[in-house]
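Here are some exercises on empty space and nonpolar packing. Take a look at the model, try each task, and then follow the worked solution.

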Amino acid sequence: MASVAAFLNKPEDKTVARQPDRRSATPKVSLARALSKLGFCSRTQAERLVAEGRVQANGKTVRDALLRIDPDRDRITVDGERVVAERKVYLMLNKPRGLVTTRDDPEGRGTVYDCLEGLDLPFVSPVGRLDKASEGLLLMSNDTRWANGLLDPASHVAKTYHVQIASVPDGAMLERFRHGSVVDGELLTASSIALLRSGGRTAWLEIVLDEGRNRQIRRLLGAFDIEVLRLVRVAIGGLQLGELAKGKARHLTSEELAILAT
């Protein structure tokens, strides 16, 4: 485990990144992404439909899922039926432990979409991820612009987790957690870490992140040989999980959408 000080004191890389040519910017996206943005299906499902010759763009059958099109102007049909933008849907789900956050799992494991069965919904995608062993608040929507705004690192939307660990940390250990650790060349920290309660050989921490790195909490605590027993996301920004039952989903209210927009 590299020291945080050594990581922070590394010589600055003065290489100037090449800026994108904004003059070449275009609203076009791949055909598979267009079907996803319109709320018709996932990108993986779209690629399968295109490969089967079931998708047409402007009257012509397309076999290339990477074909660039404008979903607002080009006419897309599947099996002869025109694909139009679905109504915008914004959901919160209390994800149970053991489900993966994906539509199609090649290993046949249960997915978060199992929790949506029987609901009259257009295709929606997870806004961010919770790994299989994690649980709690997960947002889902077919509004890609709204989702991308929440996921944009520049937005610094706080995410709050309650984490049960197989240890009872003292003040010194908590302070070490707060200083962070360098793992695989990456500095992992949290916005805040506080002890909620402890008993026996376990304790519950409240950890707040304002960035979304892969398995950030597990990797951070693992750097100190701390085992995570449970990891529950309880809030995104000012939106609280509340009393929503495990495995259940509901639509966000206009007030809750306003909270996420602030």
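The exercises below go from the largest cavity to the nonpolar cores.

This is a predicted model, in which local features need pLDDT of at least 70 and side-chain atom pairs count only at pLDDT 80 or more, while totals for chains, interfaces and linings use all residues. Residues are numbered from 1 along each chain as its sequence is written, and side-chain values use heavy atoms, without hydrogens and water.

**Exercise 1.** Find which residues line the largest cavity.

*Solution.* Start with the term: on a 1 Å grid over the protein atoms alone, a cavity is a set of points where a 1.4 Å probe fits but cannot get out, and lining residues have an atom within 4 Å of a point. Next, list the lining: V127, L139, L150, L151, V157, K159 and I236. Finally, sort these residues: 6 are nonpolar, none polar and 1 charged (Lys counts as charged, Val, Leu and Ile as nonpolar).

**Exercise 2.** Work out where the largest nonpolar core lies with respect to domain 2 and domain 3.

*Solution.* A nonpolar core joins buried (under 20% relative accessible area, 1.4 Å probe, protein chains only) Ala, Val, Leu, Ile, Met, Phe, Trp, Tyr and Cys residues through side-chain atoms within 4.5 Å. The largest one has 34 residues, and M140, F177 and I207 are among those with the most contacts inside it. Domain 2 (90-153 + 241-260) and domain 3 (158-236) both contribute residues, so this core lies between them; the bounds come from an automatic or database domain assignment.

**Exercise 3.** Name a second, separate core's members.

*Solution.* That core has 18 residues, including A32, L35, A46 and I76.

Note on methods
On a 1 Å grid over the protein atoms alone, a cavity is a set of points where a 1.4 Å probe fits but cannot get out, and a pocket is an open set with protein on both sides within 12 Å along at least five of seven lines; lining residues have an atom within 4 Å of a point. Buried means under 20% relative accessible area, exposed over 50%, partly exposed in between (1.4 Å probe, protein chains only).
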